[in-house]
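This report examines one residue in its setting and the helix pair to which it belongs. Please consult the sequence and the structure shown below.

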Amino acid sequence: MTLKTARPEGAPSDRFSGIHPGSIDLPIVYSPRLSRFFSLFDRRWRPWAWATLPPTAVAHVWVALLGQVPTDPNFVVYTDAALNGGSILPPLDHIQGFNVINLAFLLTIGPADQAANWAALLADQRATLKKQYNVAGVSLIVSAFGEREHPTSQDPTGVANNLAEFVLNNNLDSIDIDYERFNLVIQQPGVGEAWLTTLTQTLRQQLPQGHFILTHALLTWILSRWLLPKRRQERRLANRLVQHLVLQSYEDCDSLLNSTPSSVFAIHKSGVDVNKLVIGKSGTAADITNSGFIDAATLGMCVQQAVVGGWKAGVMAFRFPTWTPPKSPS
């Protein structure tokens, strides 16, 4: 079900910029947050009650439910540790040019590292920080799983619903899925891919397209298997539901761009929009986990080659604060 309305009176205009000029299509999301909102007005599970709510109340629920979707290209930085002194988010002047911060990691047993630090803040603190970063053009999202958890044995629908609930309850712009169960993909082809597809579809039901970013940072080999030529459904899903896919596993410009099934232009030839394929890498050799290291100068040349080939998706760096991007000259 979709409700269409003019922007509510009293709603901050910056929260609606770039979504739908003049009006907004908002799929009704049966989330705990929405349920609590309706219960305050004795309107639980009654979407038609929107018409009877005062304008200021409607404005508040719009602001509460909508995330900020960054404009392309996406420049993404992961963070999994707070700064000395306790600051959770990378300072804006340290990440100039980046427009997505991924808080690592959310696990099925609960938040860890920076996800836990964010959840531990008071609601007012989260709201203040989110507004500050959103106004600066930066989306705040949580990253799930990583190499620390391989939840494929769990029900993907239940996992996705719990992940979405964390996003909504903790005032985030959405979620990144960092799925790294490559042994399963090798040993039982199709199992991990099907699990990931159901997870993605369920997340999109809870975090609607156009109002929340949804990204995947899969190990590149898994990504190439998920998007095999025979997997038309997965390619359509990637094009339709996912903001961007991060490619991480490569050793040089050729393997990144052309020479392997998991390269940028090979995946593009399989039917995936080339401008959904964000190029990612560890910022320092110390941050390497399972995807190899390329120095910044070499990676810059790879990016230039990609641009010449028609690519302009963006770049991801892992991870702040052990890696900090150089400040722009004043």
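In which helix is the place of Thr202? Thr202 lies in helix H7, which spans residues 191-206.

## Confidence of the model

The model is predicted. The pLDDT averages 75 over the protein, and 66% of the residues score at least 70. Over residues 1-64 the pLDDT is below 50, although this stretch has 105 contacts in the model beyond near neighbours in sequence. Where pLDDT is low, the predicted coordinates should not be read in detail.

## The setting of Thr202

Is Thr202 buried or exposed? The relative accessibility of Thr202 is 6%; because buried means under 20%, this residue counts as buried.

With neighbours within four places in sequence set aside, Thr202 is in contact with Thr157, Ala160 and Asn161. These three residues appear among those of H5 that meet H7.

## The packing of H5 and H7

Helix H5 comprises residues 156-169, and its axis comes within 8 Å of that of H7. The two axes cross at roughly 40°, and H5 and H7 are therefore oblique to each other. Their crossing is right-handed.

On the H5 side, the residues that meet H7 are Pro156, Thr157, Val159, Ala160, Asn161, Leu163, Ala164 and Leu168. On the H7 side, Trp195, Thr198, Leu199, Thr202, Leu203 and Gln206 take part. The residues of this contact divide into 9 nonpolar and 5 polar, with no charged residue.

Notes. Residues are numbered from 1 along each chain as its sequence is written. This is a predicted model: local features need pLDDT of at least 70, side-chain atom pairs count only at pLDDT 80 or more; totals for chains, interfaces and linings use all residues. Side-chain values use heavy atoms; hydrogens and water are left out. Helices (H or I, at least four residues) and strands (E, at least two) are DSSP runs, numbered from the N terminus. Buried means under 20% relative accessible area, exposed over 50%, partly exposed in between (1.4 Å probe, protein chains only). Contact means heavy atoms within 4.5 Å. pLDDT is the predictor's confidence in each residue, from 0 to 100. Axes are lines fitted to C-alpha atoms, for helices over the stretch in contact, and angles run from 0 to 180 degrees between N-to-C directions. Angles under 35 degrees count as roughly parallel, over 145 as roughly antiparallel, 65 to 115 as roughly perpendicular and the rest as oblique. A crossing is left-handed if the near helix is turned anticlockwise from the far one by less than a right angle, and right-handed if clockwise. Ala, Val, Leu, Ile, Met, Phe, Trp, Tyr, Cys and Pro count as nonpolar, Asp, Glu, Lys and Arg as charged, and the others, Gly among them, as polar.
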